[in-house]
Amino acid sequence: MRHARCPRIGGNLAVRVSARDSSHDWCSLLSPADSLAPEWLVVPDDVNDLPAAVWPASAVRGADGELRIAGISATALAETYGTPLLVIDEDEVRSRARAFRSSFDAAASEYGTTAQVYYAGKALLTTTIARWVIDEGLRIDVCTGGELEVALAAGVAPASLGFHGNNKSVAELERAVEVGIGTIIVDSAIEIERLAAITARTGAVQRVLVRVISGVHAETHDFLATAHEDQKFGFPLPDAEQAVARIREIPGIEFAGLHCHIGSQIFGVAGFRESAERVLELHAALLEGGPVPQLNLGGGFGIAYTSVDDPTPIEMLAGEIVAAVAEGCAARGIAVPALSFEPGRAIVGTAGVTIYEVGTTKDVALDTGATRRYISVDGGMSDNARTALYEAQFSARLASRLGSGEPQLSRVVGKHCESGDIVVDHEYLPADVSPGDLLAVPSTGAYCAPLASNYNHVPRPPIVAVRDGRSAIIVRGETIADVLARDVGVGASENHG
Ligand code: LLP
């Protein structure tokens with residue numbers, strides 16, 4: 001694959017050209033649609049392939065060409081549960097949870113410390129998924145009273161929970177303290193006083209971490225970066241010492257250490273290393289006033305959404321991040337604290353595949369002379385808001401059969417009444433994709449269902465877990481009755497027609 005600049009359209013083109021073809025006029029090799037392709041997008045050699053980085057390990061093409069996940073065909077899933085449908089591969093979630101656990105355990109024990117892995121429930125929290133990750137030895141981080149109730153409903157021991165949030169209400173804090181939550185990650189001076197009052201009233205002693213902003217700006221979408229100064233989370237480093245001093249005065253609050261999360265969908269370790277370095281400076285200073293047993297470096301480990309994304313393997317991340325902390329501690333002559341991490345996306349992201357049915361296709365002629373293929377599916381921004389929110393990129397494949405057409409640059413769009421309702425902005429799909437075909441969008445396990453809405457009164461899809469040839473609903477799909485349920489005018493007798 002080469003990228004070539006085409007003078008005819010004045011843009012960069014992604015073209016498939018072998019070394020032998022290099023003397024060709026590349027522009028003449030291109031269909032007009034290719035001129036719309038972003039520079040990073042590669043024309044697949046096989047438009048039916050399933051690049052390993054974006055699919056669960058169990059995803060294969062059966063002998064009939066159909067996509068199968070955990071041994072079940074896309075058609076069987078669609079027939080049983082309808083479309084759209086979010087499929088979660090249980091083994092993929094479990095094996096990624098195990099990989100985080102064992103990699104961080106191994107890395108920490110090399111430096112004589114321990115590492116806890118909290119699954120960041122905001123990525124996708126259901127009682128079933130909570131049980132899977134607990135079963136694999138993880139803890140869970142929740143960030144609202146609602147997530148806390150899901151974890152408790154799953155039977156998770158409150159001591160295994162961490163509670164985040166920049167605006168926890170008094171009622172949420174009371175509930176967390178009352179159930180005996182393991183750790184509250186305090187985010188503001190006001191929250192410290194709320195906790196002081198609650199613990200004084202109840203006599204409880206609550207363990208807390210103090211969230212700080214390290215000032216490291218992760219290289220990710222602005223909305224996904226959380227440790228640069230101008231945002232709402234945590235204490236700026238210069239203010240944190242005072243916050244900790246105040247906590248240390250309060251008998252009902254036990255200071256356990258610092259927390260920092262630099263953002264989300266981050267590749268590599270440089271950001272984590274830099275952040276750890278800055279936070280350790282404060283950690284070392286705080287040791288002069290009392291114990292600082294823990295350090296939590298948050299989550300944010302990136303995953304592949306398209307075949308060009310190349311995430312760092314978990315073992316490597318764990319090894320390098322823990323080594324960086326250990327070096328920072330050695331340089332300051334302090335003990336390596338107990339470490340914790342909060343991956344969300346990297347545990348469930350590639351375990352999820354959304355299956356849609358194609359409703360219409362359209363070739364739209366643009367002013368530039370190029371033609372864009374639009375493929376409309378039966379969901380959209382109500383089940384996957386990430387493309388509209390963050391300009392996120394996804395990939396897609398024809399799922400119900402092998403495509404026989406040439407790769408054609410396509411845009412997969414939803415059924416909502418707005419032009420930004422894009423599911424997959426740019427993807428090469430077989431030119432013969434037609435109404436009634438099933439399309440699968442991989443890497444939709446994280447932050448798709450949690451961000452889902454009822455926009456245009458579209459019911460939210462079910463979540464179905466698959467494993468070893470079996471499938472089960474873990475969150476049922478909404479019905480139109482659900483959609484109408486909160487509208488108190490339904491059934492009113494007057495006719496306003
Ligand atoms: N810890 C804290 C304190 C967080 O705020 C987050 C994510 C995580 C851990 C987990 O990050 P992860 O490992 O999943 O990247 N809706 C956005 C992502 C928002 C992330 C919010 N915080 C998206 O769809 O990309």
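Colleague: Is glutamate 281 buried, partly exposed or exposed?
Modeller: In this predicted model, glutamate 281 counts as partly exposed because its relative accessible area is 49%, and exposed would require over 50%.

Colleague: Which residue does the side chain of glutamate 281 meet in a salt bridge?
Modeller: The partner is arginine 332, with a distance of 2.7 Å from N to O. The pair links distant parts of the chain, since glutamate 281 belongs to helix H9 and arginine 332 to helix H10 (residues 314-332), 51 residues apart.

Colleague: And is arginine 332 buried or partly exposed?
Modeller: Arginine 332 is partly exposed, because its relative accessibility is 22% and buried means under 20%.

Colleague: How many salt bridges are there by this rule?
Modeller: The count comes to 26 salt bridges.

Colleague: Which residues are linked in a network of salt bridges?
Modeller: One such network links Glu90, Asp91, Arg94, Arg98, Asp135, Glu136 and Arg467. Within it, the side chains of glutamate 90 and arginine 94 meet in a salt bridge of 2.8 Å, N to O. Both of these residues lie in helix H3 (residues 90-110), 4 residues apart, which is about one turn of the helix.

Colleague: What about arginine 94 and glutamate 136?
Modeller: Arginine 94 also forms a salt bridge with glutamate 136, and their closest N and O atoms are 2.9 Å apart. This pair links distant parts of the chain: arginine 94 is in helix H3, while glutamate 136 is in the loop between helix H4 (127-135) and strand S8 (139-142), 42 residues apart.

Colleague: Why does arginine 94 count as buried?
Modeller: Arginine 94 counts as buried because its relative accessibility is 11%, and the cut-off is under 20%. Glutamate 136 is buried as well, with a relative accessible area of 13%. Glutamate 90 is also buried.

Colleague: Changing topic, how many cavities of 30 Å³ or more does the structure hold?
Modeller: The structure holds 1 cavity of that kind. The largest cavity has a volume of about 30 Å³.

Colleague: Which residues line the largest cavity?
Modeller: The lining consists of Pro84, Gly379, Ser382, Asp383, Ser453, Val458, Pro459, Arg460 and Pro461. These divide into 4 nonpolar, 3 polar and 2 charged residues.

Colleague: What kind of peptide bond joins threonine 83 and proline 84?
Modeller: The bond is cis, with omega at about -10 degrees. Proline 84 lies in the loop between helix H2 (74-81) and strand S6 (85-89), and proline 84 is also one of the residues lining the largest cavity.

Colleague: What is notable about phi of alanine 70?
Modeller: Phi of alanine 70 is near 50 degrees, a positive value in a residue other than glycine. Alanine 70 is found in the loop between strand S4 (67-69) and strand S5 (72-73), and it is buried, with a relative accessible area of 10%.

Colleague: And what is phi of glutamine 265?
Modeller: Glutamine 265 has a positive phi of about 60 degrees, although it is not a glycine. Glutamine 265 sits in the loop between strand S13 (253-259) and helix H9 (270-286). With a relative accessible area of 13%, glutamine 265 is buried.

Colleague: Lastly, which residues make the nonpolar surface patch?
Modeller: Ile480, Leu484 and Val490 make a patch of about 260 Å². Leucine 484 belongs to helix H13 (residues 480-485) and is partly exposed, at 41% relative accessibility.

Terms used. Residues are numbered from 1 along each chain as its sequence is written. This is a predicted model: local features need pLDDT of at least 70, side-chain atom pairs count only at pLDDT 80 or more; totals for chains, interfaces and linings use all residues. Side-chain values use heavy atoms; hydrogens and water are left out. Patches are made of residues with over 30% relative accessible area and no salt bridge: like charges are joined within 9 Å, nonpolar side chains (Val, Leu, Ile, Met, Phe, Trp, Tyr) within 5 Å. Accessible areas come from the Shrake-Rupley method with a 1.4 Å probe; for residues, only the protein chains shown count as cover. A salt bridge is a side-chain nitrogen of Lys or Arg within 4 Å of a carboxyl oxygen of Asp or Glu. Helices (H or I, at least four residues) and strands (E, at least two) are DSSP runs, numbered from the N terminus. Buried means under 20% relative accessible area, exposed over 50%, partly exposed in between (1.4 Å probe, protein chains only). On a 1 Å grid over the protein atoms alone, a cavity is a set of points where a 1.4 Å probe fits but cannot get out, and a pocket is an open set with protein on both sides within 12 Å along at least five of seven lines; lining residues have an atom within 4 Å of a point. Grid points are joined across faces, edges and corners, and a volume is the space filled by probe spheres set on the points. Ala, Val, Leu, Ile, Met, Phe, Trp, Tyr, Cys and Pro count as nonpolar, Asp, Glu, Lys and Arg as charged, and the others, Gly among them, as polar.
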